[in-house]
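The exercises below are meant to be worked with the sequence and the coordinates at hand. Each opens with a task and continues with a solution in steps.

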Amino acid sequence: FPEDTDIVLNLSQACLDARQPEEAENTLTRALGAKPDDRKLKSALALVHLHTGKPQDALRLLEELPKVAEDGQGSALLHALALAATANWQGAKEKAQSLESGGTMPIGSVLAAACALNTNDRDSAIKSLESIADKKHPVVNWATSVMLRALGKPTDAPSNEYLDALVKTLGENNTNLADFAYGTAFSWAGLPDEAFIAFSRIEKAAPETTNALLPVLFDNLSKSVRIDDPVAPITEIVNRHPKAKQAWLGAARALKARRLIQEQEAALNKAAEIAPGDPGVFVERGMYYESGRKLYTAMDDYRKAIALDAANPIALNNLAYCIISTKGDPKEARDLAEKALKAVPNDANVMHTLGVALLRIGELAESQKHLEKALERMPGEPTIMLDFGLNLIEQGKVQEGRSQVEAAVRFSEIFGLDFPRLFEAEDVLEKYPSTPPATPATPEAKSA
């Protein structure tokens, strides 16, 4: 369907997600050959150019768009980002400020602040940042608080020694602060390469005071479209922070995103060596082992995390699920899951774990209650649907339960959902075949 714009856009995005920007560009260029005035195709190609570091090409396409369009806000944001990427700070600032009152995500406000800082207009930067200081979003609040504090404006956001060190570094160097605002805007806009470059300049300039920056640095590196092999930049960063757990945990997450499994394990082991008293390190390594089906090793790490933090909900829940998965004591699993649920009473994963533990014990009514609540929060999640179906089957509602299991398999296939227990679901469907509706008896024909 070469002339279907939506299909072309989906394909180009899939190419970007697979880190194949050249194929995304070729796909859109071919489509524009047939539909040269298509606004959506031009905007999408401009976005690809921004991903690949060609902002001038992006600007050329964006300037061809009509002044008023259905996707005007999106095009205006792309235009502002492209202008900023070419260091046209005044033009980018004007475009970004037009977005500030548009009710969009606060990318425009942060980008306007970055442009203002690059022209030493700190008052305008403060004004832009203060306009979003009360956003009810932890990521927005974290970054905004860091920038406002660096500009001498106190906030009531929580802090620690690492954040204080980063604020001091940014406050003492306007270039670093401008890079932080620029990187934040591009990161929120889903352009990780530009963000990584900006954050890297800060980290290289002051590695001893930028540990708090490492999580966002590695997060953008893990999503990079331009960097095929992340091992070299990861190695450079951890070599500058050899004793920082944030460096090794960030490296592990970036390596996981690139499916470099052995390297990920090595980074997690280094984090555990550096921070043996940090429960989060053992939770993260436990999750790594659990994903590789090394369940007993994962359980050891979850127990270490609980010994350090008895109320850690992730460790409690994951240990409970591993106990169930290894056919361990379901009552211990129930007790752990109940503790986790007290800490995070609305977490669907914990409700699911508790529901399965109760199913194994035989408390079917209580199990059903928790599984139903889990499905309300995560409708269509195959593993929860499977366990809900098994609960119904145990209650004697065989066809109703079978329908849930059948839907779990169907959803996983249609939507490409992760379903590690697919074979178990298929065995259930084979064991409990569908009962066809009864066919009414037809009277025998009377002979003449």
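**Exercise 1. Surface patches**

Task: Determine which residues gather in a patch of negative charge on the surface, and which form a nonpolar patch there.

Solution. The model is a predicted one, and the values that follow are computed from it. Start with the charged patch, where E22, D228, D229 and E263 gather as a group of negative charge on the surface. To place one of these residues, follow the chain to D229, which is found in the loop between helix 13 (214–222) and helix 14 (231–240).

Turn next to the nonpolar patch, which consists of I414, F415 and L417 and has about 310 Å² of accessible area together. L417 sits in the loop between helix 24 (398–415) and helix 25 (422–431). With a relative accessible area of 34%, L417 is partly exposed, and patch members need over 30% relative accessible area.

**Exercise 2. The chain as a whole**

Task: State how many helices and strands the protein chain has, and what percentage of its residues is buried.

Solution. Counting the secondary structure elements gives 25 helices and zero strands for the protein chain. The extent of the chain follows from its C-alpha atoms, which fill a box of roughly 95 × 70 × 40 Å when taken along the principal axes. Burial is then judged by a relative accessible area under 20%, and buried residues make up 48% of the 448 residues in the protein chain.

**Exercise 3. Positive phi angles**

Task: For R19 and K327, give the backbone phi and say where each residue lies.

Solution. Take R19 as the starting point: its phi is positive, at about 60°, although R19 is not a glycine. R19 lies in the loop between helix 1 (5–17) and helix 2 (21–34), and its relative accessibility of 26% makes it partly exposed.

K327 is treated in the same manner. Its phi is near 60°, again a positive value in a residue other than glycine, and K327 is found in the loop between helix 19 (313–325) and helix 20 (330–343). Because its relative accessibility is 76%, K327 counts as exposed.

**Exercise 4. Helix 12**

Task: Check the end-to-end distance of helix 12 against its expected span, and list its buried residues.

Solution. Helix 12 covers residues 192–205, and at 1.5 Å a residue its 14 residues should span 20 Å. The C-alpha atoms at its ends are 20 Å apart, so the expected span and the modelled distance agree.

For the second part, examine the cover of the helix: ten of the 14 residues of helix 12 are buried, which leaves the helix mostly covered. The buried residues are P192, D193, E194, A195, F196, A198, F199, S200, I202 and E203.

**Exercise 5. Salt bridges between parts of the chain**

Task: For the pairs K42–E64, R149–D164 and R303–E332, give the N to O distance and explain which parts of the chain are tied together.

Solution. The structure holds 24 salt bridges. In the pair K42 and E64, the closest N and O atoms are 2.9 Å apart. K42 belongs to helix 3 (residues 39–51) and E64 to the loop between helix 4 (55–62) and helix 5 (72–85), so this salt bridge ties together parts that are 22 residues apart in sequence. K42 is buried, at 10% relative accessible area, whereas E64 is partly exposed, at 41%. These two residues are also linked with R60 in a network of salt bridges.

The side chains of R149 and D164 meet at 2.6 Å, N to O. R149 lies in helix 9 (residues 138–150) and D164 in helix 10 (residues 161–172), so the parts tied together are 15 residues apart in sequence. R149 is partly exposed, with a relative accessible area of 24%, and D164 is partly exposed, with 36%.

For R303 and E332, the closest N and O atoms are 3.1 Å apart. Since R303 lies in helix 18 (residues 295–308) and E332 in helix 20, the pair ties together parts that are 29 residues apart in sequence. R303 is partly exposed, at 37% relative accessible area, and E332 is partly exposed, at 28%.

**Exercise 6. Y432 and R402**

Task: Locate Y432 and give the separation of its C-alpha atom from that of R402.

Solution. Y432 is found in the segment after helix 25, where its relative accessible area of 23% makes it partly exposed. Along the chain Y432 and R402 are 30 residues apart, while their C-alpha atoms are separated by 7.0 Å.

Methods. Residues are numbered from 1 along each chain as its sequence is written. This is a predicted model: local features need pLDDT of at least 70, side-chain atom pairs count only at pLDDT 80 or more; totals for chains, interfaces and linings use all residues. Side-chain values use heavy atoms; hydrogens and water are left out. Patches are made of residues with over 30% relative accessible area and no salt bridge: like charges are joined within 9 Å, nonpolar side chains (Val, Leu, Ile, Met, Phe, Trp, Tyr) within 5 Å. Accessible areas come from the Shrake-Rupley method with a 1.4 Å probe; for residues, only the protein chains shown count as cover. A salt bridge is a side-chain nitrogen of Lys or Arg within 4 Å of a carboxyl oxygen of Asp or Glu. Lys and Arg count as positive and Asp and Glu as negative; His and the chain ends are not counted. The place of a charge is taken as NZ of Lys, CZ of Arg, CG of Asp or CD of Glu. Helices (H or I, at least four residues) and strands (E, at least two) are DSSP runs, numbered from the N terminus. Buried means under 20% relative accessible area, exposed over 50%, partly exposed in between (1.4 Å probe, protein chains only). The expected span of a helix is 1.5 Å times one less than its number of residues.
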